[in-house]
Amino acid sequence: MVTINRHDHNHLKDVPETNAMNQSEKEKEMELVKRLMEKEAQAEKMDEVIKTNEKHLRHIEKSKKWQYAKPLQKVTGLFSNSKKRQNEYIMQLQEKLKETQQALNDSKEENRRLIMDSRKPDSNQIEQGVNTAKNNGNLLAYLSNLIRQKKEHEASYNYALRYAARVFMNEKKDFRNLVYASVMTGLKLEDIPEFMIRAGLTNDISLRPAVSFRTSLNMRMRQMQLSGSLPEWLLDHKMAAYMFADDIGIRRPWTSDRTYRMTDLPEKEGMVIKPADGAGSRGVYLVKHFNDIVDMKRSKKLDSWEELQSSMKQDLDSGWVDQDEWTIEELILEHDSQPASDIKFYCFYGKVGIILEIVRFPELKYCWWTATGERVRTGKYDQHLFKGKGVSLDEIEAASDISMKIPAPFIRIDFLRSGNELVFGEFTPKPGNYDEFDQTTDQWLGDYFVEAQGRLMSDLLEGTQFISFTQLTDKVNK
């Protein structure tokens with residue numbers, strides 16, 4: 001049996017991040033190119049100003065007034081410094097013209113912004129508009145108009161960004177790459193033009209903005225919709241997941257082989273009650289003792305079996321739990337009779353991308369970890385973060401090894417923390433609210449997804465046999 005043990009976590013912070021170091025050097029290089037591009041543009045602008053001033057001087061010197069004034073300059077000497085004063089005056093005019101031109105440019109820029117972003121309602125205005133349209137019975141017409149405005153709005157910005165990129169198509173390579181990289185961050189994946197993607201393949205331009213974990217999973221869901229099934233979704237069924245865990249030797253809780261109605265549940269301590277078909281913590285109860293029962297969703301302690309049944313009835317009446325069908329399994333405690341914390345590994349066929357640690361009692365708290373042991377923010381649960389305990393390298397490697405036995409680019413593997421080991425909980429092919437990651441995290445995990453697809457394809461072409469998974473498929477299909 002494979003036991004995933006916990007070891008010291010502190011050494012994880014010392015693991016070097018080569019990619020981060022390379023990224024830092026790349027950013028320095030890009031900043032230098034940016035400064036050089038700005039300096040050259042300023043130099044070109046200065047050349048134009050000098051040429052303009054010289055042109056004005058030549059024009060003045062050829063003018064009749066200047067010609068008439070020349071004899072007087074020789075005779076009286078009153079205008080001996082006239083040319084100098086003329087030059088100073090011209091420079092003052094040029095400076096004033098420059099200020100006026102800048103003000104005009106600022107005005108034009110503000111007009112362009114107002115044209116492309118003609119209205120920017122706050123959330124209250126948006127909600128009020130939607131509710132009013134719904135109450136008036138014309139929500140679909142309202143949505144149609146809203147969608148049209150959104151498309152027009154985005155089309156305006158996309159055109160401006162694409163045009164900016166095209167302007168630099170024939171400029172110096174470093175300048176062009178810098179502009180392309182900047183433009184790419186403002187475009188959605190599907191809006192990046194082919195000529196920029198082509199430049200990314202032949203030049204040193206990162207195509208990270210062209211990847212997205214959210215988009216990859218959305219496409220995976222569409223793939224499942226079209227094909228009817230995907231390998232990882234076989235493991236979404238609890239019993240199939242436990243069969244697979246048993247076959248590859250992962251420690252898991254004991255579980256009942258039948259379902260119960262609420263009134264038929266066996267009254268026993270040291271068990272977990274769960275809906276037969278549910279997700280998350282709704283309808284999940286930890287029965288430590290008959291007078292010490294934890295309602296996980298409500299983070300509430302219940303003092304009797306009667307309170308438990310009353311709470312379960314509320315779950316059914318409210319729709320939190322769809323059907324009166326429940327399963328029981330072994331209760332895993334972490335320490336001091338505290339409910340086990342959750343450890344969720346986001347696995348990408350042989351690599352762990354990110355880890356979520358969850359404490360659910362007495363209050364719900366989250367902590368995100370990288371595979372190199374650093375706490376990070378991801379845009380999800382930012383209001384409920386805490387300083388977690390983390391995981392060990394051995395645990396990360398074990399999760400990675402498990403994911404290598406599953407022919408899918410992504411699977412989340414969930415465990416419960418029990419003392420000094422992790423106990424398998426479930427496989428999750430589609431994490432809830434995966435669209436809530438911020439852009440940086442979404443693109444970062446998108447890279448993991450794309451790399452995993454490549455590794456999986458290579459292994460399949462080389463004849464890799466997923467023996468345990470194939471055997472599970474045969475058992476389930478019998």
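# Exercises on a predicted model

Y381 is partly exposed, with a relative accessible area of 25%. Keep in mind that this is a predicted model. Grab the structure and let's work through it.

**Exercise 1.** Find where Y381 sits, and say what is unusual about its backbone.

*Solution.* Start with the location: Y381 lies in the loop between β10 (375-376) and α11 (393-403). Next, look at the backbone angle: Y381 has a positive phi of about 60°, although it is not a glycine. Why does that catch the eye? Most residues other than glycine have a negative phi. Last, the burial label: 25% is not under 20% and not over 50%, so Y381 counts as partly exposed.

**Exercise 2.** Now take Y349 and decide whether it is buried or exposed.

*Solution.* First, place it: Y349 belongs to the loop between β7 (342-347) and β8 (352-359). Then check its phi, which is positive at about 35°, again without the residue being a glycine. Finally, its relative accessible area is 1%. Buried means under 20%, so Y349 is buried.

**Exercise 3.** Trace the open sheet of five strands and work out which strands lie at its edges.

*Solution.* Step one is the order: walking across the sheet you meet β5-β4-β3-β2-β6, with antiparallel pairing. Step two is the edges: β5 (300-302) and β6 (326-330) each pair on one side only, so they are the edge strands. Step three is the twist: on average, neighbouring strands of this sheet are turned by 25° against each other, direction ignored. Step four, zoom in on one pair: β4 (residues 292-295) and β5 run antiparallel and share three bridges. Within that pair, I293 stands opposite L302 in β5. Step five, add the helix: α10 (residues 305-318) packs on the sheet and touches β2 (271-275), β3 (285-289), β4, β5 and β6. The direction of α10 makes about 180° with that of β3.

**Exercise 4.** Which residues form a nonpolar patch on the surface, together with L143?

*Solution.* The partners of L143 are L140, L146 and I147, and the four have about 360 Å² of accessible area together. L143 itself is found in helix α5 (residues 139-167). With a relative accessible area of 33%, L143 is partly exposed. The patch cut-off is over 30%, so L143 passes it.

**Exercise 5.** How far apart are D435 and T215, in sequence and in space?

*Solution.* Along the chain, 220 residues separate D435 and T215. In space, their C-alpha atoms are 8.8 Å apart. As for its setting, D435 lies in the loop between β12 (421-428) and α12 (439-461), and D435 is partly exposed at 45% relative accessible area.

Methods. Residues are numbered from 1 along each chain as its sequence is written. This is a predicted model: local features need pLDDT of at least 70, side-chain atom pairs count only at pLDDT 80 or more; totals for chains, interfaces and linings use all residues. Side-chain values use heavy atoms; hydrogens and water are left out. Patches are made of residues with over 30% relative accessible area and no salt bridge: like charges are joined within 9 Å, nonpolar side chains (Val, Leu, Ile, Met, Phe, Trp, Tyr) within 5 Å. Accessible areas come from the Shrake-Rupley method with a 1.4 Å probe; for residues, only the protein chains shown count as cover. A salt bridge is a side-chain nitrogen of Lys or Arg within 4 Å of a carboxyl oxygen of Asp or Glu. Helices (H or I, at least four residues) and strands (E, at least two) are DSSP runs, numbered from the N terminus. Buried means under 20% relative accessible area, exposed over 50%, partly exposed in between (1.4 Å probe, protein chains only). Two strands pair if DSSP finds at least two bridges between them. Axes are lines fitted to C-alpha atoms, for helices over the stretch in contact, and angles run from 0 to 180 degrees between N-to-C directions. Contact means heavy atoms within 4.5 Å.
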